[in-house]
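Welcome! Open your viewer, get the selection tool ready, and follow along one stop at a time.

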Amino acid sequence: MENESVAKAFLGLVRIMDELREQCPWDQKQTIQTLRPLTIEETYELADAITDKDWKGVKEEAGDILLHILFYAKIGTEQNQFTLEDVIRGVSEKLVARHPHIYGDVKVQDEEEVKRNWEKLKLKEGKKSVLGGVPKSLPSVVKATRLQEKAKQVGFEWDNREQVWDKVNEEIAELREAEQLGDPDKIADEFGDVMFSMVNYARFLQIDAENALERTNKKFISRFTSMEKKAMEEGKALSDMSLEEMDALWNSIKKQNTAIEGP
């Protein structure tokens with residue numbers, strides 16, 4: 001019964017998409033090009049909801065992305081490129097083919113072996129490089145993580161966390177050397193190497209580097225706006241305060257937030 005209810009709800013959404021495309025002036029004008037930035041925006045809104053652990057938001061944004069998928073399928077049908085059924089069958093066939101440990105007789109020991117088999121299967125499907133599936137337009141921190149994860153599947157990986165931390169320190173030393181030389185391009189290259197090695201270290205800590213940085217961004221915004229508010233309450237503007245005064249205000253707010261958030 002539950003599957004029937006889901007199928008009914010899904011078909012209802014498909015019908016709404018058809019009606020909007022036929023009757024709404026805005027929906028009628030949309031193309032895959034005009035939808036692209038909107039889809040990116042919706043994806044980031046979903047990412048924000050996930051970072052905030054906002055389950056209501058996750059539900060809403062997942063629905064918005066589902067609507068976009070139906071929109072692309074609708075336009076694909078109109079352009080005689082593909083249908084919604086093609087999309088569904090295509091991903092279903094791919095999932096079955098890439099999970100021989102479920103739908104075949106392949107045996108796996110753990111999650112990592114599943115990932116390695118996944119990459120081998122994609123190469124057999126025609127991919128020329130294990131890095132080929134990483135989108136060019138991914139944000140740099142996310143891209144660095146995905147590149148490292150891909151390389152890991154063919155054994156290009158450090159043995160332990162300590163080795164990665166040694167690499168971080170090595171890259172920091174090279175950055176400091178580049179600073180002494182004063183070559184902007186060299187400094188940028190070495191700074192990028194430091195960031196790349198830190199993303200690698202984050203993986204060994206089993207944390208999401210992008211999400212960790214975004215949490216810090218949100219924390220900074222919260223504390224900085226609190227600092228602006230407190231300064232205003234005291235009849236001051238941050239631009240009129242000394243760095244020492246702002247630092248004292250920042251530490252006060254940080255202490256208050258730490259007490260609220262807990263250790």
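The tour goes from the whole chain to one residue and then to a helix.

This is a predicted model: local features need pLDDT of at least 70, side-chain atom pairs count only at pLDDT 80 or more, and totals for chains, interfaces and linings use all residues. Residues are numbered from 1 along each chain as its sequence is written, and side-chain values use heavy atoms, leaving out hydrogens and water.

**The whole chain.** Show the cartoon: the chain has 12 helices and zero strands (DSSP runs, H or I of at least four residues for helices and E of at least two for strands, numbered from the N terminus). Its C-alpha trace spans about 65 × 50 × 40 Å along the principal axes.

**Val106.** Select Val106, in the loop between helix 6 (100-103) and helix 7 (111-124). Is Val106 buried or exposed? Val106 is partly exposed, because its relative accessible area is 32%, and buried means under 20%, exposed over 50%, partly exposed in between (1.4 Å probe, protein chains only). Not counting residues up to four places away in sequence, Val106 touches Pro100, His101 and Asn117, where contact means heavy atoms within 4.5 Å.

**Helix 7.** Now select Asn117 again, together with Glu119 and Lys122: these residues of helix 7 are buried. Add helix 8 (140-152), which is part of what covers the buried residues of helix 7. At the start of helix 7, find Asp110, where a side-chain oxygen comes to within 3.2 Å of the backbone nitrogen of Glu112. Finish at Gly126, which follows helix 7 and has a positive phi, near 120 degrees.

Key. A polar contact is a pair of N or O atoms within 3.5 Å; within protein, one must be able to donate a hydrogen and the other to accept it, and residues adjacent in sequence count only if both atoms are side-chain atoms.
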